[in-house]
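Here's a quick tour of a few spots worth a look. Have the model open as you read.

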Amino acid sequence: MSKVSKQKPTDEVARTVRRVAFRQRYRMVMAAPFAWLIALPLSAGLYLLPVHPAVAVLIAAATVVVPVRKAVQARQNVAAAVFGAAWLIATAPIGPTGLVVEVGVAGWLTFALLHWRRHRRLPLPGRTEAFEEQPQITVEQVEIDPEVARIIARFNERLAAKGKALDGMTLTTPKRIDAGYRAEIRAVPGEKETKDIMQAAGKVASAFQTTTQLAVLEEVSYGDNSRAMFTLLQGDTLAEVRRFEDVQPRIGKDGRAHIGYFYDLAPAHWAFFTKSGGMRHGIIVGDSEAGKSRSVETLLGLAHLSDKLATVLLDPQGGSMPDWNDHTHRCALGEDDCADELGLWHWVMRRRVHHLARIPWVDEDGDERIGKTHLVPGDPDAGGMTGIFFVLEEAPELLQHDVHGKKAVTMLASGAKTWRKGGGGIVLVAQDPNMTELGGSVTLRAQLRKNACALRTQTPGAAYQMGLPHDPSLLPATFKNGSLTQGLAYLSGIDRRAALMRWLYTQKPKYIARQPAAGRIDDLTMGWIEEYASAKKDGREPRAGKRAAVEEPRATPGDVKAAIIDALADAEGLALELGELLHHVLKRRVTAPPSEIHAQLKRLVTDGRVWPVSKDGVEAFALPEEILERLEVR
């Protein structure tokens with residue numbers, strides 16, 4: 001971390017600057033005569049010594065070694081030092097003569113003047129510059145984190161050294177985050193992949209003498225398959241219990257809900273639906289006491305508090321979720337009742353799909369369209385039809401049943417592919433995601449992985465089966481402080497990261513379950529449910545093509561005209577374009593096709609009750625009283 005401070009120079013600093021300027025500016029000029037006075041007698045003495053000329057040259061060379069070496073090391077006045085050394089060595093055997101003396105003086109003065117020119121812009125001694133008018137001096141102090149150096153050293157010595165688990169890989173400089181430190185591990189592109197880094201998770205934790213819950217590896221968010229994200233946590237960030245009641249999460253307009261926290265304390269989300277794809281399925285697996293039922297209670301609580309969803313609980317065991325029994329919109333307990341309820345919804349969801357495929361609506365361009373590819377819960381074009389949130393607790397009890405198992409697997413596998421279009425989302429709960437638990441259906445498991453959550457499992461293999469990078473069977477039963485790890489899981493879904501997280505749990509699920517549900521099963525769906533139940537009661541199969549008994553009658557021409565006038569009266573502007581008008585009329589749940597609305601609009605124009613006008617060069621419509629009122633105001 002760097003700290004930047006700004007301050008003005010003091011009087012003492014100013015005096016120091018002037019002294020340095022004096023020395024730098026005049027040192028070489030003043031040094032020239034002194035250098036001459038030293039070099040001249042030294043040269044004469046060497047010449048007059050009763051030694052051989054070669055010995056005099058060696059003595060001169062030895063004399064100048066130190067000043068030349070210092071000048072070269074400092075990279076200052078190197079040329080002047082070399083010139084002086086050469087002059088002294090040359091004059092040692094022949095003595096200072098007239099021409100030699102002139103060359104020496106000229107050289108010393110030349111180098112002195114060059115030095116003066118280089119430093120002539122420094123402040124002169126005695127000048128009083130106004131420091132207040134000068135820019136402020138910026139002093140930057142860098143605070144070095146010793147932990148960063150320790151992390152890098154351990155990585156290089158214990159992981160990236162030759163023959164180690166991450167041989168040849170590099171670690172970027174770790175950055176401080178709220179929970180600890182984070183950096184990227186980079187492999188050599190084309191030689192190693194992200195999965196090679198992820199497979200060394202245990203070795204990485206060992207190198208830092210901690211657990212895989214505190215030394216975490218994760219895929220990078222931008223999709224580089226030669227890198228992985230490494231986070232070294234300073235403590236058990238997920239050991240603290242965080243309550244649903246404290247956070248008060250809700251399902252947003254985009255269909256996402258906050259269900260917990262990732263290991264770096266970023267919020268984790270579950271996607272109940274998306275605007276681009278409608279309802280989303282999910283799967284939750286985990287061993288006994290790992291927190292499966294508590295996780296489902298969180299999802300049921302969120303759906304219960306949403307006005308866009310209705311809940312259906314299927315519990316073959318009958319006692320898995322006592323707080324929610326008979327507190328969802330529909331509830332089936334025991335294998336027989338669950339099989340019957342599943343058969344009912346398999347028929348009803350097909351009716352919803354057929355209905356959505358035929359509803360008229362107007363797109364944002366004002367074009368008439370027929371049919372929707374999927375239901376977004378609360379869509380006004382579909383009359384505000386709600387989504388159906390299905391939870392199948394202890395799924396193997398039904399999927400492996402001797403009588404109902406095969407048929408249940410077939411219906412759920414088909415439903416996982418088609419119910420989404422009719423606004424149905426399935427969450428399946430099991431102890432393990434293997435084929436035996438899921439009745440041998442690969443299709444079922446694959447379709448449910450849009451929201452994949454794996455708590456601690458009993459046997460390895462769940463990571464591969466659910467598309468997760470880590471093995472949930474290795475999750476601990478307790479944290480370091482001895483508290484249970486209920487709700488600790490690997491989550492993959494709408495957040496686009498498959499990472500360690502912990503669920504938000506409700507302190508008292510019964511308090512939420514006993515509240516009136518915010519949403520309801522829409523009337524059209526309730527009609528199909530009654531039609532199915534009536535047919536079964538009569539001992540016959542319900543007809544797939546028959547209309548629901550409570551389907552709303554088609555609107556009369558008068559209803560359509562009234563809706564058009566109301567839409568124009570409530571419009572924010574003076575006029576509405578045709579596409580805007582059709583959209584506003586259909587939002588009023590008028591059970592008439594767009595062609596009928598268009599026909600009644602023409603009749604209103606003919607009768608003079610609606611006036612056609614121009615809006616930005618496009619034909620639009622407005623009420624005459626609105627236009628006349630604005631003219632009177634003007």
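## Helix α3

Bear in mind that this is a predicted model. Helix α3 takes in residues 78–91, 14 residues in total, and spans 20 Å from first C-alpha to last, close to the 20 Å expected at 1.5 Å a residue.

Its buried residues are Ala80, Ala81, Gly84, Ala85, Trp87, Leu88 and Thr91. These residues sit on the same side of α3, because the arc they cover around the axis is only 165°.

## Strand β12 and its partners

Now for β12, residues 282–285: Gly282 and Ile284 point one way, Ile283 and Val285 the other, and all are buried.

β12 pairs in the parallel sense with strand β18 (residues 424–430) over four bridges, and with strand β19 (residues 452–455), again in the parallel sense, over three bridges. Val285 is a handy residue to click on: its bridge partner in β18 is Ala430, and in β19 it is Ala454.

## Salt bridges

There are 21 salt bridges in the structure. Arg227 and Asp224 meet in one, at 3.3 Å from N to O; Arg227 is partly exposed at 22% relative accessibility, and Asp224 is partly exposed at 26%. Arg256 pairs up with Asp254, with the closest N and O atoms 3.4 Å apart.

Lys536 and Glu541 form another, with 2.8 Å between the closest N and O atoms. Here Lys536 is partly exposed at 39%, while Glu541 is exposed at 57%. Elsewhere, Arg182, Glu218, Asp264 and Arg497 are joined into one network by salt bridges that share partners.

Technical notes
Residues numbered from 1 in each chain as written. Predicted model: local features only at pLDDT ≥ 70, side-chain atom pairs only at ≥ 80, totals over all residues. Heavy atoms only, no water. Helix = DSSP H or I, 4+ residues; strand = E, 2+ residues; numbered from the N terminus. Expected span 1.5 Å × (residues − 1). Buried < 20%, exposed > 50% of the residue type's maximum accessible area, 1.4 Å probe, protein only. Arc of directions from axis to C-beta. Pairing = 2+ DSSP bridges. Salt bridge = Lys/Arg side-chain N within 4 Å of Asp/Glu carboxyl O.
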